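Open your viewer, get the selection box ready, and follow along. Each stop tells you what to pick next and what you will find there.

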Amino acid sequence: MRAIWKGSISFSLINIPIALYPATRREELKFRLLRAKDLSPVNYKRVAEVDGKEVPWEEIVKGYEYEKGKFVVLKDEDFKRADIEATQSVDIIDFVKLEEINPIFFDKPYYLEPEKRGEKAYALLRDALKQTERVGIAKVVIKTRQHLAAVKPQKNLLALELMHFAEEIVDASELKIPEKPEVGARELTMAKDLIEKMSDKWDATKYTDDYRHALLDVIHQKVKSGGKAPATRGAAKKPTNVVDLVSVLQESLEHAGRSTSPKRKTTTHHKRRMSKAA
Amino acid sequence: MAVPRSSKSAPARSASSRSAAAKQILNVNGRDVPVSHLEKIFYPKSGFTKAQVIDYYIRISPLLLPHLKDRPLTLKRYPDGVDGGFFYEKRCPPYRPDWVKTAPVWSERNDTEIHYCLANDLPSIVWAANLGDLELHTFLSRADNVDRPTMLVFDLDPGPPANMLHCAETGLLLKEHFDALNLQSFPKTSGSKGLQVYVPLNTPITYDDTKSFAHALAIELENARPELIVSRMEKRLRTGKVLVDWSQNDRHKTTVCVYSLRAKERPTVSTPVEWDEVKAALKKKSAERLAFTSDEVLKRVEKNGDLFAPVLKLKQKLPRNP
């Protein structure tokens with residue numbers, strides 16, 4: 001694991017040198033765009049809007065459109081100037097109870113590792129947070145952005161979770177949401193009962209990305225068969241006609257209703273087999 | 001033939017169903033029974049679907065219903081098929097249709113009445129099957145007199161490496177014993193690994209009587225054949241032997257009903273057999289002869305009718321001591 005950022009947690013007079021590691025990764029399959037006839041990879045070019053000419057990287061600058069069509073150019077030193085104060089520290093402002101924070105505010109988790117001479121203070125903060133059941137709310141600048149963040153104890157380590165600022169949370173008041181459900185007590189009982197039945201202990205390992213796994217299978221099959229479409233379409237589900245299954249059962253019922261004497265030799269109906277996907 | 005109708009996806013209904021669109025109505029003897037997810041595979045190793053489960057129960061119902069009638073039923077539900085989770089449901093679900101009859105049974109443990117489902121008609125069976133109730137577990141008594149068992153049962157449960165053949169041998173020993181007492185006994189497969197022996201009573205008796213009789217007989221058999229038979233429940237004692245489980249003769253216990261499916265790899269059924277079949281299986285050393293899937297059972301009953309019919313009718317008196 002490579003640290004993506006180094007700095008320190010600071011609050012009051014305490015300073016804990018730490019390194020920041022991403023706690024999650026995106027498990028996404030990446031695809032290249034190719035030219036169909038010879039599978040040559042296709043690249044993008046940065047071209048100028050004005051004349052369509054390609055612009056080399058060294059001639060590219062970043063601009064902020066402060067008014068339609070009007071730009072102010074920001075150079076590296078400008079960015080540095082803006083974050084020079086904050087870059088190296090996670091400044092804890094308050095300590096709050098975790099349950100007071102709406103989970104919608106949490107954005108992206110990182111692990112914190114103590115750097116040299118930070119171990120003792122790191123453990124101290126971790127245990128103090130655990131025992132007081134609180135998290136530290138901090139501001140931190142990473143790259144070109146200031147973030148709100150929470151410093152949380154998580155088992156034996158400290159985690160830093162980047163958070164949204166309140167102004168980033170979209171107002172939901174425009175959505176049309178029913179105040180009270182127009183359902184009776186019976187429906188509510190049914191729904192609650194169903195929830196009860198489907199209730200389980202939270203186990204993160206239970207849920208996997210089925211689509212990604214299925215797609216990987218398809219890829220492996222295609223690689224094996226030299227890029228040709230595999231002969232079988234994998235475990236693709238056949239469409240089933242639910243209505244037909246109902247009529248098959250309905251027919252069974254007609255028969256069951258008629259034959260009260262099981263000893264009577266009846267033929268055709270019993271011989272009929274149900275197909276899996278009628 | 002009645003035309004299947006799809007239920008209207010009224011908002012109220014969708015609250016009770018994960019996918020209202022999949023919900024269908026089956027007309028069962030004039031009752032509308034909602035069914036859903038019929039295409040779902042309930043026995044993955046056999047590709048046996050939920051529709052096939054319901055179909056089996058519909059077809060076997062003329063023989064099954066008399067055995068279910070008025071007996072408090074514990075549902076053993078597998079909503080996602082045999083490889084998914086299951087749960088026992090003693091209390092008949094509150095969202096049952098009003099035509100599903102229930103019977104109150106006092107539960108000391110819960111200090112309250114538990115209303116069990118009664119599967120007294122075909123719509124109730126179809127309704128239960130649609131809930132993923134693969135296995136039907138019933139009382140040995142009827143709801144009007146829950147303290148009076150109508151039969152005595154031994155559940156012969158093999159501890160590996162013991163198998164069905166050891167159960168067959170043990171069952172035949174039981175039969176010999178009952179023959180000597182002039183009592184008729186009836187074997188059925190459990191639909192799982194073992195064999196079950198039923199002695200019809202249908203005369204006034206209590207669970208205290210049947211249980212102590214069964215216990216005494218189990219001990220007697222254990223003493224006679226200690227290398228084959230064990231009467232105590234501890235799993236570790238069962239290795240390579242057959243547990244003669246006498247403890248099923250209890251007001252609080254349910255036993256898998258004859259013709260019930262079991263949640264095993266294949267859709268096997270608790271199937272009534274003849275003692276001659278048990279003997280033949282033992283002689284030929286073929287445990288397979290005492291394993292029947294739903295299809296095989298439907299064929300068997302066309303030929304044999306209900307081998308278990310006497311269990312409901314035959315009046316027999318249990319002697320005080322075995």
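Our first stop is in chain B, so select helices α2 and α3 there: the crossing of α2(B) and α3(B) is right-handed. The contact comes from Val53(B), Ile54(B), Tyr57(B), Ile58(B) and Ser61(B) on the α2(B) side, and from Leu122(B), Ile125(B), Val126(B), Ala129(B) and Asn130(B) on the α3(B) side. Colour these contact residues by type and you get 8 nonpolar, 2 polar and no charged. Keep in mind throughout that this is a predicted model.

Now look at the geometry of that pair. Two packed helices are described by the angle between their axes and the distance between the axes. Helix α2(B) covers residues 50-68 and α3(B) covers residues 122-130; their axes come within 9 Å and cross at roughly 160°. Angles over 145 degrees count as roughly antiparallel, and α2(B) and α3(B) are therefore roughly antiparallel to each other.

**Chain B: the wider view**

Zoom out until chain B fills the window. Chain B holds 8 helices and 18 strands. Of its 322 residues, 46% are buried. Take the contacts in chain B between residues at least 6 apart in sequence: 68% of them join residues at least 24 apart.

**Chain B: an open sheet**

Next, select β14, β15, β13, β17 and β16 of chain B. These 5 strands form an open sheet in the order β14-β15-β13-β17-β16, and the pairing is mixed. Which strands stand at the edges? They are β14 and β16 (229-230) of chain B, each with a single partner strand, so one side of each is left without a neighbour in the sheet.

Then narrow the selection to β13(B) and β17(B), the latter being residues 242-245. This pair is antiparallel, over 4 bridges. To find your place along it, show Asp155(B), which stands opposite Asp245(B) in β17(B).

**Chain B: backbone stops**

Three loop residues come next, with a word of background. Most residues other than glycine have a negative phi, and most peptide bonds are trans.

- Select Pro160(B) and Pro161(B): a cis peptide bond joins them, with omega about 5°. Pro161(B) sits in the loop between β13 (151-158) and α4 (164-180) of chain B.
- Move on to Asn182(B), in the loop between α4 and β14 (186-189) of chain B. Its phi is positive, near 60°, and the residue is not a glycine. Is Asn182(B) buried or exposed? Asn182(B) counts as exposed because it has 9 C-beta neighbours inside 10 Å.
- Jump to Lys285(B), in the loop between α6 (275-283) and α7 (294-304) of chain B. Here too phi is positive, about 50°, in a residue that is not a glycine. Lys285(B) is exposed, with 9 other C-beta atoms within 10 Å.

**Chain A: the barrel**

Switch to chain A, which has 6 helices and 9 strands. Buried residues account for 13% of its 278 residues. Among chain A contacts between residues at least 6 apart in sequence, 59% join residues at least 24 apart.

Select the strands and trace a ring: a closed barrel of 7 strands runs β1-β2-β6-β9-β8-β7-β5, with mixed pairing. The twist averages 40° from one strand to the next. As you go round, recall that strands of a sheet pair through backbone hydrogen bonds, either parallel or antiparallel.

Three of the pairings are worth a pause:

- β2(A) (residues 14-22) and β6(A) (residues 106-114) run antiparallel and are joined by 5 bridges. Show Ala19(A), which stands opposite Glu113(A) in β6(A).
- β6(A) also meets β9(A) (residues 157-163), again antiparallel, through 6 bridges. Here Tyr111(A) stands opposite Ala159(A) in β9(A).
- β7(A) (residues 134-142) and β8(A) (residues 145-154) pair in the antiparallel sense over 7 bridges. Pick Lys139(A), whose bridge partner in β8(A) is Leu148(A).

**Last stop: a lysine pair**

Finish at Lys130(A), in helix α2 (residues 119-132) of chain A. Lys130(A) counts as partly exposed because it has 13 C-beta neighbours inside 10 Å. Add Lys155(A) to the selection and draw a C-alpha to C-alpha distance: Lys130(A) and Lys155(A) are 25 residues apart in sequence and 9.1 Å apart in space.

Technical notes: Residues are numbered from 1 along each chain as its sequence is written. Chains are lettered from A and ligands numbered from 1 in the order in which they are written. This is a predicted model: local features need pLDDT of at least 70, side-chain atom pairs count only at pLDDT 80 or more; totals for chains, interfaces and linings use all residues. Two strands pair if DSSP finds at least two bridges between them. Helices (H or I, at least four residues) and strands (E, at least two) are DSSP runs, numbered from the N terminus. Axes are lines fitted to C-alpha atoms, for helices over the stretch in contact, and angles run from 0 to 180 degrees between N-to-C directions. Angles under 35 degrees count as roughly parallel, over 145 as roughly antiparallel, 65 to 115 as roughly perpendicular and the rest as oblique. A crossing is left-handed if the near helix is turned anticlockwise from the far one by less than a right angle, and right-handed if clockwise. Two residues are in contact if their C-beta atoms, placed from the backbone, lie within 7 Å. Ala, Val, Leu, Ile, Met, Phe, Trp, Tyr, Cys and Pro count as nonpolar, Asp, Glu, Lys and Arg as charged, and the others, Gly among them, as polar. A residue is buried if 20 or more other C-beta atoms lie within 10 Å of its own, exposed if 12 or fewer, and partly exposed in between; C-beta atoms are placed from the backbone.
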